[in-house]
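The following exercises practise the reading of a protein model that holds a ligand. Please attempt each task before turning to its solution.

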Amino acid sequence: MEIAQDVFGDSYKTAERYVDILASRGVDWGLIGPREVDRLWPRHVLNSLAVGSLIAEGSIVVDVGSGAGLPGLPLAIQRPDLNVTLLEPLLRRFNFLTEAVAELDLADRVTVVRGRAEEHHDRYDVVTARAVAALPKLLGWCLPLMRANGQLLALKGESAEAELLDVQKTLRKGRLSGEVLTVPAPGTAESTWVVRIR
Ligand SMILES: C[S@@+](CC[C@H](N)C(=O)[O-])C[C@H]1O[C@@H](n2cnc3c(N)ncnc32)[C@H](O)[C@@H]1O
C-alpha cells in the first residue's frame with residue numbers, strides 16, 4: 001500500500017509483515033473477522049497511528065487490552081523510540097502477540113504481558129486503549145497505571161464526548177483534565193476521536 005509506505009518509511013516491510021500475520025493467523029485464530037481483511041490498513045493499522053502525534057519521544061507505553069496488537073504494534077513499528085508493553089488477559093491473544101512480536105523482531109522493546117489492567121501494577125508514561133471498555137470502567141483500570149505526568153489515550157467512536165461527561169466527577173476528584181481530540185489517522189482521509197486524560 002503506497003500511502004502506508006510513506007507513513008511507515010523504513011519500517012514499512014515490518015508493517016507489511018504484521019498485516020500479513022493479521023490476515024492469516026489473525027483470521028485463523030479468530031482475532032480478526034474475515035470481512036476485516038480488505039480494510040486492515042486503513043481501519044486498523046493506520047487508525048492506530050492516530051495517537052502517535054500525542055506521544056512524546058522515548059515514552060514508555062502500555063497498550064491495555066491489546067487484542068491482536070492494536071494500537072500497540074503499529075505504534076511500536078512506526079516509532080522505534082517507544083518502549084511498548086502489550087497487556088492482554090486472554091491466552092490465545094497473548095500467544096498470538098508473543099509470536100507476532102518475535103516474528104517482527106521487536107522483542108528488544110516490545111513486551112507482552114498476560115493479565116488484566118486492574119491486576120497490573122507497573123506504571124507508564126502513556127496508557128493506550130482501543131475498543132476495550134466504556135470510559136468510566138477504563139479510567140478505573142488505567143489511572144493506577146499512569147505515572148505522575150502520564151496520560152491515557154483512549155481511541156473512541158462518536159460516543160467520546162458522552163463518555164467523557166460520565167467521568168467528570170472522577171476527574172475532579174483526581175485533579176485530572178480530560179478532553180476529546182479529533183485526530184487525523186495518518187495516510188487516510190479519516191479522523192478518529194481520542195479521549196486524552198492527564
Ligand atoms: C474488542 S477487543 C479490542 C482489541 C484491540 N485493542 C483492538 O482495537 O482491536 C477488547 C480487548 O480487551 C481485552 N480486555 C477485556 N477486559 C480487559 C481488562 N480488564 N484488562 C485488559 N484487557 C482487557 C479483551 O481480552 C480484548 O482483547
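**Exercise 1. Polar contacts of the ligand**

Which side chain has an N or O atom 2.8 Å from an oxygen atom of the ligand?

Solution. Note the basis first. This is a predicted model, in which local features need pLDDT of at least 70 and side-chain atom pairs count only at pLDDT 80 or more, while totals for chains, interfaces and linings use all residues. Residues are numbered from 1 along each chain as its sequence is written, and side-chain values use heavy atoms, with hydrogens and water left out.

Step 1. The side chain is that of R130, with an N or O atom 2.8 Å from a ligand oxygen. A polar contact is a pair of N or O atoms within 3.5 Å; within protein, one must be able to donate a hydrogen and the other to accept it, and residues adjacent in sequence count only if both atoms are side-chain atoms.

Step 2. Consider nitrogen atoms of the ligand. A polar side-chain atom of E118 lies 2.9 Å from a ligand nitrogen. For A117, a polar backbone atom is 2.9 Å from a nitrogen atom of the ligand.

Step 3. On its own, the ligand has 600 Å² of accessible area, and the protein covers 80% of this. Such areas come from the Shrake-Rupley method with a 1.4 Å probe; for residues, only the protein chains shown count as cover.

**Exercise 2. The shell around the ligand**

State how many residues surround the ligand, and classify them.

Solution. Step 1. The ligand is surrounded by 16 residues, where near means that a heavy atom of the residue lies within 4 Å. The closest are G65, L70, E88, R93 and R130.

Step 2. The shell divides into eight nonpolar, three polar and five charged residues. Here Ala, Val, Leu, Ile, Met, Phe, Trp, Tyr, Cys and Pro count as nonpolar, Asp, Glu, Lys and Arg as charged, and the others, Gly among them, as polar.

**Exercise 3. A cis peptide bond and the helix beyond**

Which two residues does a cis peptide bond join?

Solution. Step 1. The cis bond joins L70 and P71, with omega about 10 degrees. P71 is found in the loop between β1 (60-64) and α4; helices (H or I, at least four residues) and strands (E, at least two) are DSSP runs, numbered from the N terminus.

Step 2. Helix α4 spans residues 72-78 and contains G72. Is G72 buried or exposed? G72 counts as buried because its relative accessibility is 2%; buried means under 20% relative accessible area, exposed over 50%, and partly exposed in between (1.4 Å probe, protein chains only).

Step 3. From G72 to A100 there are 28 residues in sequence and 12 Å in space, C-alpha to C-alpha.

**Exercise 4. Positive phi and loop residues**

Describe the positive phi angles of D105 and A131, and where these residues lie.

Solution. Step 1. D105 is a residue other than glycine, yet its phi is positive, near 60 degrees. The loop between α5 (91-103) and β3 (110-114) holds D105, which is exposed, with a relative accessible area of 66%.

Step 2. A131, also not a glycine, has a positive phi of about 55 degrees. A131 is found in the loop between β4 (124-130) and α6 (135-142) and counts as exposed at 76% relative accessibility.

Step 3. For contrast, take R116, in the loop between β3 and β4. R116 counts as partly exposed, because its relative accessibility is 40%.
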